[in-house]
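Reader: Please take me through the aromatic pairs and the nonpolar core. I want the reasoning behind each label.

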Amino acid sequence: MSQDYSDAAAAAAFRRLVSHLQHRHDAENIDLMGLAGFCRNCLADWVMDATHAAGGEMTKEEARAAIHGMPSSDWKRKYQTEATTEKLKKMKDSVAKNAPAP
């Protein structure tokens, strides 16, 4: 896959995505998973993995807090609702379309 943008542009776009997700609490993780096959927690895991690959240290909770803009337990308490059977099925079907992790 070719990259037609700089690392600086990618970093700026990433920061904008994180800011957008921190603002749009109405877009729950289950909804993101159902539509796109990833959510805030996935993004946090990718940040943690990239940090480790670069030789850094980051816990799962530190990564999630960085993406959620608060501890993930606070985010869940404030914004996460009960997942319906329909949303869980949509998420499962969507995730099945994901490419294998690199």
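Reader: Why is Tyr-79 called partly exposed?

Author: This is a predicted model. Tyr-79 has a relative accessibility of 27%. Partly exposed lies between 20% and 50%, so Tyr-79 counts as partly exposed.

Reader: And why is Trp-75 called buried?

Author: The relative accessibility of Trp-75 is 1%. Buried means under 20%, so Trp-75 counts as buried.

Reader: Where do Trp-75 and Tyr-79 lie?

Author: Both are in helix α5 (residues 72-79). They sit 4 residues apart, about one turn of the helix.

Reader: How many aromatic pairs does a search of the whole structure find?

Author: The search finds 2. In one, Phe-38 and Trp-46 have ring centres 5.6 Å apart and planes at 25 degrees.

Reader: What makes the pair of Phe-38 and Trp-46 stacked?

Author: The centres must lie within 6.5 Å and the planes under 30 degrees apart. With 5.6 Å and 25 degrees, the pair is therefore stacked.

Reader: What makes the pair of Trp-75 and Tyr-79 tilted?

Author: Their centres are 5.7 Å apart, with 50 degrees between the planes. Stacked needs under 30 degrees and edge-to-face over 60, so this pair is tilted.

Reader: Why does Trp-46 count as partly exposed?

Author: Its relative accessibility is 48%. Exposed needs over 50% and buried under 20%, so Trp-46 is partly exposed.

Reader: Which helix supplies the largest share of the largest nonpolar core?

Author: That core has 12 residues in all, among them Leu-32, Cys-39 and Ile-67. Helices α1, α2, α3 and α4 each supply at least two. The largest share, 4 residues, comes from α3.

Notes
Residues are numbered from 1 along each chain as its sequence is written. This is a predicted model: local features need pLDDT of at least 70, side-chain atom pairs count only at pLDDT 80 or more; totals for chains, interfaces and linings use all residues. Side-chain values use heavy atoms; hydrogens and water are left out. Rings of Phe, Tyr and Trp (its six-membered ring) pair if their centres lie within 6.5 Å; planes under 30 degrees apart count as stacked, over 60 as edge-to-face and the rest as tilted. Buried means under 20% relative accessible area, exposed over 50%, partly exposed in between (1.4 Å probe, protein chains only). A nonpolar core is a set of buried Ala, Val, Leu, Ile, Met, Phe, Trp, Tyr and Cys residues joined through side-chain atoms within 4.5 Å.
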